[in-house]
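Trainee: Before I plan any bench work, I would like to go through this model with you. Please keep to what can be computed from it.

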Amino acid sequence: MRLELGKIKINDVQFGEMTRVEKGILYVNKEEIVKLVLEDDRIISARVELARPGESVRIAPVKDVIEPRVKVSGSGQIFPGTINKVKEVGSGRTHALVGATVITCGRIVGFQEGLIDMSGPSAKYTPFSETNNVCVVIEPVEGLETHDYEAAGRMAGLKVATYIGEAGKNIEPDEVVVYETKPVQEQIRQYPDLPKIGYIHMLQSQGLLHDTYYYGVDAKVMVPTFMYPTEIMDGAIISGNCVAPCDKVTTFHHLNNPVIEDLYKRHGKDLNFIGVILTNENVFLADKERSSDMVAKLCEFLGLDGVLITEEGYGNPDTDLMMNCKKVSQKGVKVVLITDEFPGRDGKSQSLADAVEEGDALVSCGNGNVIIDFPPMEKVIGTLDFIETMIGGYEGSLKPDGSIEAELQIVIASTIANGYNKLAARGY
Amino acid sequence: MVHMCTVVPISLTIGANRIIPAIGIPYPLGDPNLGEKKSKKLRRQLVDRALSALQTEVDGQTVFEK
Amino acid sequence: MEKIKVVHYINQFFANIGGEEKADIEPEVREGIVGPGLALQSGLGDDYEVVATVICGDTYFGGHIEDAKKTILDMIRPYKPDLFVAGPAFNAGRYGVACGTIAKAVEDELNIPVVTGMYPENPGVDMFKKDLHIIQTAISAADMRKAMPKICKLAKKMINKEEILSPVEEGYIERGIRVNYFNERRGSERAVDLILKKIAGEPYETEYPMPVFDRVAPNPAIKDLSKIKLAVVTSGGIVPQGNPDRIESSSATKYGIYDITGMDSLTKDKFMTVHGGYDRAFVLENPNLVVPLDILREIEKEGIIGELANYFVTTTGTGTSVGNAKGFGEEFSKKLVEDGVGAVILTST
Amino acid sequence: MYKTIITNNHKVFQKYKDRYDVLFLQEGSYMDVLNETRNKVHRGYKVLTHPMAGSLKPNQTPYKSIIIGEGRGVTDYESINLIENSIEAAIKFLKYKSTPKWSEKILKDFETVDLSFIENVVRNPMFDNA
């Protein structure tokens, strides 16, 4: 499967008469976005605001972040099984508005989500302080049930991103990157002397506000499966998760999965990237047992020499991570784990809720329990009303001047456990 | 030294060399559900097993099931 | 300008009082520098003054931890020090534990910077590395010339409230505290490097080590049990009613040694459990479920074992740090050996 | 296998009290549910759902529901590992920050999310045979 990804660099975002891209500037039509969102009668109001790098802006609470993309050629359309019909994606050509995002925000439930600062000392912890963000602030109809509201918010973001992505369809990209993975036997033959590497991608799948969808199917009801890496770049996986801000894998991060990106960078040079094994993080222990068995079986079946494993979340997923690590290692396949850490505020406790001796090669994405100071910002997109009830916040977090003291875990994707960031923790 | 404990994997992890599996965490040496007499008999069996483990040569971690 | 006041702690050996035969001397305080205090003073420089040196025998300290701690704190307080340095203890086990114990007490009670130094295998390291900055030294006192300047450098940084850098940069033993930093490369890129190294069989280093445990070679089998003195050690939290030593119900920082002379069984009116990690109902009813005294007396009477030690050793296993547990073991094992105990049954809940 | 749901969540109790054995700790805390589960596991029960289900940390949500199954009187090491690790982690979080006193509305949200974990398990076709 071969995909050409055309990267259209976006350096600024502005409101305009027509949603379009011109000379690296994304213009968006506010009214059309609002109209699109309000098609869903579960949402009573929607507001569009822009946030650019360096501005004194705080966005909270954030539900999802999505990079606008569009299929130019090849099978299927962007976000198959959710926005568009179920149809295999991952081949042909896709354009991405790199440097632009759609951010959905607004209250979903009282306690989740997180924040993004566009400037100041806290901006460095989130990748979205460096992107030009179209923020869609939504409000549900009175008394809407939590499940429905989550679904409405999720769809609103995807719809807006798809709409904006269309603006890139006929634009000449600044850069075209080609990604290709062949069927397994051909792929092995192509680089017979290089180590065969796979990627085990664990999807959050515990329940309400903890779900992920693959071609529209809820990850908790699927069994582990094989995926061509390029499928993910066309939106085969979307996030329905909005509980732990710091290690949430947003839809943006699925589209721009760093492990896939970095394995492709060295594909054919010092490794042979065979593909992605998708698995889940269920609550029911029998499911964990079955899924990890199947992951190990797939690794064996594909003849892999080594795998990278990433997780989403803390606690329950640590058990899946360790079960996968142990069982895959027992098949003779080398394993490297990528995860973030929660060693308590003093940093002295165990970082993970589970451990196996096979987990002897781990990459750290940082300690989410560290306390951070957030200076006041001139403008707030969304509301700070829920700061103290957000994850990472606490009573007294929000100061009268608008500054905040909270754990790092309140910042969206700050310790994301797939290695997207440079933040790491080390022993002192 | 002989280690009498219920969670044998932990004993193996921490490196005990002679291990006697015990009955249960809230009652390692005996089983009160069986009544006092039988429970005490069970305790005697376990301690006897521990003493025999102490008199057995081992060349690495060994769990004395019987 | 008033000088920064320093108090130094050393053992009988470094105070030139004597070796093992003098290890039971009680704490004393002397004005100014003693022994390695000279190196400390010169390393710290003219802005600092070592105003007093506390000396205590290692055996005395180990046998009277609570008393020694209190006495020594009382000796230190009047000097109103700004800085406390203990040791370095190199590989001397009891000295290391003493340095760690007193340094932690000073830090907690007097709220001033403290530094000590040890060889990585000193038992004091596992017990105190999370609480203290312990400069890594070589195995013996021959390293004093190199160790003391590192201690002084770190101590000065603490006094000046400068940022304490990583263990490698400062020379202290890693404390196991997880601190954030920005790497030059993102995590996924580092992970790809790691997997390629692992597959190639090259050395690789994890960024987060999983907890590891020591291994010991098994002791040979006991030839004749009927001549052996047997003792029971437990992590099941069995203590006399009222818990006289206040052993914690979890995350224990101490252990107890309790007399069983003349008892045929552990009765519920005399013993209880404080263990917070299991449903205590059964053991409260019958403590022999954890310390099988009733059976061991039978066995003793039958002559199967030579004799039963007249005490058992106890602590709470749940949540107790490996460092503390290791420290307890090293300490009471010495007593067991001194008392001629030849075999131990360790029971865990 | 005979199953018991240990919970302090009213919504879980109401929904399942007629279908399953529900041990409802009405005034119980998150820790109480973990400790009760631990006691059962120590007596031979198996944990069927992960005690740390959900990304909500133990000092964030006050609600916890865990499904256990009656074992064969044999200690299940994996269950012990899970529940003990969960308790250790919960203590770590609660040591620095206790669970806030949430408003009624937020409490309701927490109940709904906790219920969702159990619903998804009970809905699993394998569940009744497990």
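The questions below deal with chain C, its contacts with other chains, and some salt bridges.

Mentor: This is a predicted model, in which local features need pLDDT of at least 70, side-chain atom pairs count only at pLDDT 80 or more, and totals for chains, interfaces and linings use all residues. Residues are numbered from 1 along each chain as its sequence is written, chains are lettered from A and ligands numbered from 1 in the order in which they are written, and side-chain values use heavy atoms, with hydrogens and water left out.

Trainee: How many helices and strands are there in chain C?

Mentor: Both are DSSP runs numbered from the N terminus, helices being H or I of at least four residues and strands E of at least two. The C-alpha atoms of chain C fill a box of roughly 75 × 60 × 40 Å along the principal axes. The count for chain C is 11 helices and 13 strands.

Trainee: What percentage of the residues in chain C is buried?

Mentor: Buried means under 20% relative accessible area, exposed over 50%, and partly exposed in between (1.4 Å probe, protein chains only). Chain C has 349 residues, and the buried share is 54%.

Trainee: Which chains share the most contacts?

Mentor: A contact means heavy atoms within 4.5 Å. No contact joins chain A and chain B, whose closest C-alpha atoms lie 10 Å apart. Of the five pairs of chains in contact, the one with the most contacts is chains A and C.

Trainee: What area is buried between chain C and chain B?

Mentor: Buried area is the accessible area (1.4 Å probe) that two parts lose on being put together, summed over both. Here 37 residues of chain C touch 38 residues of chain B. On the chain C side, Pro218(C), Phe282(C) and Leu289(C) lose the most area, together 19% of what that side buries. Carbon and sulfur atoms give 62% of the total, which is about 2900 Å².

Trainee: How many salt bridges are there between chain C and chain B?

Mentor: A salt bridge is a side-chain nitrogen of Lys or Arg within 4 Å of a carboxyl oxygen of Asp or Glu. Glu298(C) and Arg44(B) form such a pair, at 3.0 Å from N to O. The count between chain C and chain B is four.

Trainee: Which residue forms a salt bridge with Lys157(C)?

Mentor: Lys157(C) lies in helix α6, residues 144-159, and counts as buried because its relative accessibility is 14%. Its contacts beyond four places in sequence include Glu162(C) and Ile164(C). The partner is buried too, with a relative accessible area of 7%. At 2.6 Å between the closest N and O atoms, that partner is Glu170(C).

Trainee: How far apart in sequence are the parts that Arg77(C) and Glu109(C) tie together?

Mentor: Arg77(C) is partly exposed at 35% relative accessibility, whereas Glu109(C) is exposed at 51%. Their side chains meet in a salt bridge at 3.6 Å, N to O. Arg77(C) lies in the loop between α3 (65-76) and β4 (83-86) and Glu109(C) in helix α4 (93-110), so the parts tied together are 32 residues apart.

Trainee: Is Glu407(A) buried or exposed?

Mentor: Glu407(A) pairs with Arg345(A) in a salt bridge, with the closest N and O atoms 2.8 Å apart. Arg345(A) is partly exposed, with a relative accessible area of 26%. At 5% relative accessibility, Glu407(A) is buried.
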